[in-house]
Amino acid sequence: MRAALLWTVNDFPARSSLSGWSGQGYKACPTCNEDTPSMRVIGKTAYFGHRRFLPSTHRWRSNLDFDGRTERKRPPRGFSSVDIMDQLRRVKTTIPGKHPNYGGVKRKRGDDELNWRKKSIFYELPYWAEIDLLGTLMGDPHKSKDTHNARRDLQNLGIRSELHLYEDGNKLMKPAAEYTFSDANRRKFCRFVRSVKFPDSFAANLSKNVAQNDSRIVGLKSHDCHVIMQRLLPVGCRSLVNKTISSTIIELCTFFNQLCARTVNVTDMVKAQDQLVIILCKLERIFPPAFFDIMIHLVLHLPEEAILGGPVYMRWMYPFERYLKRLKDYVRNAAKPEGSISEGYVVDEALTFCSRYFDDIETRFNRPDRNGDGIHRTRRFFVFESQCKPMGKQSQVYVEKNVRDRAEFYILNNSPEIETYLNQHKQELQLRGCLNPDEAHRNEFADWFFEKIYAMNRVHAPEVTPELLSLASKSNIVVSSYPACIVNGVRFVTHARDVRLKTQNSGVSVPGIENEIFYGQLQEILEFSYLNDFSVVLFKCKWFRCDSRRMVTENNITSINITSESYKDDQFILASQAQQVFYVEDPSHGPNWRVVQHVNHRSIWDITEDGMSDIDLLQDNSSSNFTLFVDLGNLPQINLQQNDGDVIPIVQPFTTVSQHVNETASFLNDDDEEDVSEEDVETVEESADEETDEGNDAVDTEEDDDDHSYHTSDSD
């Protein structure tokens, strides 16, 4: 038997240690290798210049608004395993640190070693060769990339003169930029984040991370950043920055929704690879070069990694981070954390081993899940499978006859086992010449079905089963009501109780016959009892009107008006039909609008019966559910200075200023620009190669082998 190392799960700094390719310097990208697009700005290296990934004839290559120059470099070439191994053969085995062999100083790295710090031991395996956006928007002085050095970079490049620093007496002033929130808008975004309530076990309570004065968002964990990036930032920024900037941010967030989907379509990832180049070019037109650290550049290579490695949820760090939190809880002596973790781990393993021999107490092996709904008896009829695990105090309520009649007809009409009787009754109504057969069918079918089944039961017809007889006998006049329940591993709570909780579990949706989706709020959980101990659980919901005036979908964001109610006479659904959603405020449409967010629970999967698909899938919400459309037409010409022209002293980044969003951003008509012709491309090939060589020569060859300090961003 032999063992093989298939993959490792690590963040980017750890990847540098494992692979040997340094994650710093001008060539920090391990995929682009020696062709990494980078430039030196004040105090740091910026990975700027993604126009080189565009086609050679793209008109943005000749636009001077990016960095004041035309872009003629070719896209980075792909490096095969043979190329990588050839580079590693040139890496020398060195002694770390200062050594007499090097004259008592650290050794300088040779030009032929590129960014390799060492040859990892993993390359000895024969098969190894084959295998701060939010901080900038918020204007946080500790996390923002919009620093005074970033503004000086713009001045050195000769672009975006409206954002250059200038002196006012003895103060150095920084004009307020459009890509940062004003003081009022920053508070609006913080209040928006504070108002969000997530479903149970979906995410942390982000309201705890908002400062009391609604000026900052602090203490975010990696999963919190993940939720904000995919769920909240696209919604919250739409009304706080101009449309050009917000649409670009939404496009980037939509890509992450695609990437993190359970089902990743290879075709979607191939398209996203090309569209990401446009998105990054748009970001280069908006943000200063200092914004583009290596983490921003690495986004470009994520689709390729998803195609090679499969869905991201199988490879991300969250399970390990949850386990690390568990290990940290073992610490009782802050002076000796390692020893505390070791002792706690040993004790936990011993107790786990002993617990396997206990049958009469609850252990981690027999403890029910938090949202487990237990084991229900198997039923033949679909409607009797609509069961739940009730929660809270049970109450017996009397339901009015007209409401109970509508509920019972819904149960009968959604029973595929009696479809023959439903069609038979409709045919009889047509033969009678009924003027309104649909209404007559709703009003008369229950009594007709009762008489039909009991007549068959009197002659002992074999078709009459206990379940069929119970369904025809109608329900008990007294109905059980619950404030909450768990259905198929999902927790639902009535809206009256939900408003008093920190979580939101009252949002429901159900698909229609024509693939439309209906959205609503859960009002009541009712259990209708039948003969022979059969029962059906129904959800009584308030359904929102979903016409074109009251439901708007833009950039994969669905907003709905919650003041208009629809289907007042058809409020019931089976508990097993409900799909959970949650609603967040929509600042761009007003207080009566909510944005619909669909929920995909971590431990719940939708598996098809045949398990086959004609689409090349990497393995349940699908990446195809998120349409990533990037406008490839005109490049926006943005006045990045805010309208009123107010400025901020760089020594007082949180000074209150009157800032307004420029809602009348103009657009540059690129139709007048001349595209780069194929002949021009051929004539500049040699100069492009020379520029590439010059960029590679700019690498700091004096970078030390061991003097590497790694910094991780909040998104790691």
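1. The sulfur of Cys 32 lies 3.8 Å from the closest cysteine sulfur, which belongs to Cys 29, and this is too far for a bond. The cut-off that matters here is 2.5 Å between the two sulfur atoms. By that rule the count of disulfides comes to 0. Note that this is a predicted model, and the points below should be read as a description of that model.

2. How accessible are the cysteines? Cys 32 counts as buried, because its relative accessibility is 2%, and buried means under 20%. Cys 546 has a relative accessibility of 24%, so Cys 546 counts as partly exposed.

3. Next, a small sheet. Three strands form an open sheet in the order E5-E8-E9, and the pairing is antiparallel. Strand E5 (389–391) and strand E9 (490–493) are at the edges; each has a single partner strand, so one side of each has no neighbour in the sheet. From one strand to the next, the twist averages 25°.

4. The pairing in this sheet can be followed bridge by bridge. E5 and E8 run antiparallel and are joined by 3 bridges. Strand E8 (residues 484–487) is joined to E9 by 4 bridges, and these two strands also run antiparallel. Cys 485 is a useful residue to look for: Pro 390 stands opposite Cys 485 in E8, and in E9 the bridge partner of Cys 485 is Phe 492.

5. Which residues of E8 lie on each side of the strand? Ala 484 and Ile 486 are on one side, while Cys 485 and Val 487 are on the other. All four are buried, and both faces of E8 are covered. This fits a general pattern: in a regular strand, side chains alternate between the two faces of the sheet.

6. Two hairpins can be read one after the other. In the hairpin of E8 and E9, 2 residues lie between the strands, and Asn 488 takes a positive phi near 50°. The hairpin of E13 and E14 has 2 residues between the strands, and there Asn 555 takes a positive phi near 55°.

7. The strands of the second hairpin are E13 (residues 551–554) and E14 (residues 557–561), which run antiparallel and are joined by 4 bridges. One pair to locate is Glu 554, which stands opposite Ile 557 in E14.

8. Now a helix pair. Two packed helices are described by the angle between their axes and the distance between the axes. For helix H7 (residues 243–259) and helix H10 (residues 302–309), the axes come within 11 Å and cross at roughly 5°. That makes H7 roughly parallel to H10, because angles under 35 degrees count as roughly parallel.

9. What do the two helices bring to the contact? On the H7 side, Phe 255, Phe 256 and Leu 259 meet Leu 302, Pro 303 and Ala 306 in H10. The residues of this contact of H7 with H10 divide into 6 nonpolar, no polar and no charged.

10. The last point concerns Tyr 567, found in the loop between strand E15 (565–566) and strand E16 (572–574). Its relative accessibility is 42%, so Tyr 567 counts as partly exposed. Leaving out residues up to four places away in sequence, Tyr 567 touches Phe 518 and Trp 543. Tyr 567 and Trp 543 are 24 residues apart in sequence, and 6.5 Å separates them in space, C-alpha to C-alpha.

Terms used:
Residues numbered from 1 in each chain as written. Predicted model: local features only at pLDDT ≥ 70, side-chain atom pairs only at ≥ 80, totals over all residues. Heavy atoms only, no water. Pairing = 2+ DSSP bridges. Axes fitted to C-alpha atoms, helices over the stretch in contact; angles between N-to-C directions. Parallel < 35°, antiparallel > 145°, perpendicular 65-115°, else oblique. Contact = heavy atoms within 4.5 Å. Nonpolar A, V, L, I, M, F, W, Y, C, P; charged D, E, K, R; others polar. Buried < 20%, exposed > 50% of the residue type's maximum accessible area, 1.4 Å probe, protein only.
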